[in-house]
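Here is a friendly note to go with your first look at this structure. Please keep the viewer open while you read the points below.

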Amino acid sequence: MRVTLALPGTTVRDVSFEPAQITVTVALRRRRLACADCSHSSRARYDTRTVDSSWRHLDLGRLRLVVRAKLRRIDCPTHGVRTEGVPFARVESGFTRDFEDLVAWLATRMDKTAVRRLVRVAWQTVGAICARVVTDQLDPGRLEELFEVGIDEVSWRKGHRYLTLVTDHGTGKVVWGAQGKDTATCDQFFAELGADRAAKLAAVSTDMGAAYLKSVAKPGHAPNATVCIDPFHVVALASDALDQVRRQVWNQLRAVDPDKAKQFKGARWVLLKRPERLTDTQAATLRKLRRHGGAAWRAYGLKEALRAVFAGDLTPSETTELLDRWCVKAARSRLEPFVKLTGTVRTHREGILAAIRLGINNARVEALNNKVRLITRRAYGFHSAQAALALVMLACGPITLRLPYEQTHVRPHSV
Ligand SMILES: [Zn+2]
């Protein structure tokens, strides 16, 4: 029987069949031993491990496929006595590269349950695999040639666990991330970037929180950059303000007329959704709300007006004029959440308008932000920030994931 396994550098020695598993014993073809952690290699073996090493490989039909090999140990001048590395698996992994590449590809495209059932591994293991693939594949040059970047936070787990992410506005890719969302987290990015590359930054955009702005303003962090505020964060604050007004109105209405309050069930989503995306039923609720008028309807008008300011079809001077006009209107609205928001917008007016002037694509930044949020929700079951960050990098970073058969370095050999 001819067996093709497509595992680089190996020769198949034995194949054994069990009810649910095939075990393929291979031997490494190369004579030299390689350190798993560096490029050191040598013909001298320290010893041979008494137990076989094994790796789960891509399933064969319904059967699990396990690759076994007897490995030697090498005495590396840097790393000491280590088990030799193999060309078909990553360091410290119980899976082949092909298996891990497949799992990483699936994790960016499929929900958690589907991945787990299809590949039959625990979700935490998927997290560990993602982390290994990212370490292996992340372009080390991704921090070169950064000119316009965005800094944003995202929650990766319930209970206020956050990641700070840095996006290259030029490519629309997430290029850096770390656990946490305070000034010190952001400082880590600038430390890694270094003074030379930081001096090339022409624009840094963030939300309106003090933590990132404080870090960006530190000496040497972004000395030549214009600080911008991403307008979609401003619109998000308007949505929050609208939601506060809606709650106040409904609480009052419920107290005096519970039946009428019931008519507006589902109003929350109707008010927060973009009008062009409403279903027929939702559009009918919106018409009812308009007839009802009052504070909720005025708040809705203010939110939509602010969104229109940043729709991307205005010149910078038109945007400036409309934003200022919006502030005057919102300040006089007697809707307390909007009066408060006006203060925030006025504080950050220069930054908001700088984002428009420099042409930072708000729609694209928002779309990436939404994609990151979707991916991190999938990462909620991961137990480490590193694994959650890895999934974000796989899905939104400068990594091209290829399925095993799409990889050019694979040359099948048979025995
Ligand atoms: Zn070494």
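Which residues in α6 are buried? The points below begin there and then move outward; please keep in mind that this is a predicted model.

1. **The buried side of α6.** In α6, the buried residues are Pro-231, His-233, Val-234, Val-235, Leu-237, Ala-238, Ala-241, Leu-242, Val-245, Arg-246 and Val-249. They are covered by elements that include β14, α8 (267-272), α10, α12 (336-347), α13 (349-357) and α14. The helix itself has 26 residues, and 38 Å lie between its first C-alpha and its last, close to the 38 Å expected at 1.5 Å a residue.

2. **α6 beside α10.** Two packed helices are described by the angle between their axes and the distance between the axes. Here the axes of α6 and α10 (residues 294-309) come within 9 Å and cross at roughly 175°. That crossing angle makes α6 roughly antiparallel to α10. By class, the contact of the two helices has 13 nonpolar, two polar and three charged residues.

3. **Who meets whom.** If you would like to select this contact, take Val-234, Val-235, Ala-238, Ser-239, Ala-241, Leu-242, Val-245, Arg-246 and Val-249 from α6. On the α10 side they meet Gly-294, Ala-295, Ala-296, Ala-299, Tyr-300, Leu-302, Lys-303, Leu-306 and Arg-307.

4. **The domains.** Stepping back, the chain is divided into domain 1 (1-89), domain 2 (148-230 + 361-396) and domain 3 (231-356). The centres of domain 2 and domain 3, taken over C-alpha atoms, are 27 Å apart. Their contact takes 13 residues from domain 2 and 12 residues from domain 3.

5. **The domain 2 side of that contact.** Which elements give two or more residues to the side of domain 2 that touches domain 3? They are β14 (226-229) and α14 (362-378). The largest share, five residues, comes from α14. The residues on this side divide into six nonpolar, four polar and three charged.

6. **A closer look at α14.** The 17 residues of α14 should span 24 Å at 1.5 Å a residue, and its end C-alpha atoms are 25 Å apart, which agrees. Its buried residues are Asn-362, Val-365, Leu-368, Asn-369, Val-372, Ile-375, Thr-376 and Arg-378. These pack against α2 (112-119), β10 (148-157), β11 (161-168), β12 (173-179), α6 (231-256) and α15 (385-396).

7. **Cys-130.** This residue is in helix α3. Is Cys-130 buried or exposed? It counts as buried, because 27 C-beta neighbours lie inside 10 Å. Leaving aside residues up to four places away in sequence, Cys-130 touches Ala-104, Ala-107, Ala-387, Ala-390, Leu-391 and Leu-394. The C-alpha atoms of Cys-130 and Arg-377 are separated by 15 Å, with their positions 247 residues apart along the chain.

8. **Arg-29.** You will find Arg-29 in the loop between β2 (21-28) and β3 (33-34). Arg-29 is exposed, because 11 other C-beta atoms lie within 10 Å. Not counting residues up to four places away in sequence, Arg-29 touches Gly-9, Thr-10 and Thr-11. Arg-29 and Arg-291 are 262 residues apart along the chain, and their C-alpha atoms are separated by 79 Å.

9. **Two residues with positive phi.** Most residues other than glycine have a negative phi. Glu-92 is not a glycine, yet its phi is positive, about 60°. Glu-92 is found in the loop between β9 (80-83) and α1 (97-107), and is exposed, with 10 other C-beta atoms within 10 Å. Arg-120 also has a positive phi, near 55°. The place of Arg-120 is in the loop between α2 and α3 (123-137), and with 11 C-beta neighbours inside 10 Å Arg-120 counts as exposed.

10. **Pro-219.** To finish, look at the loop between α5 (210-217) and β14, where Pro-219 lies. Pro-219 is exposed, with 5 other C-beta atoms within 10 Å. Pro-219 and Tyr-162 are 57 residues apart in sequence and 26 Å apart in space, C-alpha to C-alpha.

Definitions and conventions: Residues numbered from 1 in each chain as written. Predicted model: local features only at pLDDT ≥ 70, side-chain atom pairs only at ≥ 80, totals over all residues. Domains from an automatic or database assignment. Contact = placed C-beta atoms within 7 Å. Helix = DSSP H or I, 4+ residues; strand = E, 2+ residues; numbered from the N terminus. Nonpolar A, V, L, I, M, F, W, Y, C, P; charged D, E, K, R; others polar. Expected span 1.5 Å × (residues − 1). Buried ≥ 20, exposed ≤ 12 C-beta atoms within 10 Å, placed from the backbone. Axes fitted to C-alpha atoms, helices over the stretch in contact; angles between N-to-C directions. Parallel < 35°, antiparallel > 145°, perpendicular 65-115°, else oblique.
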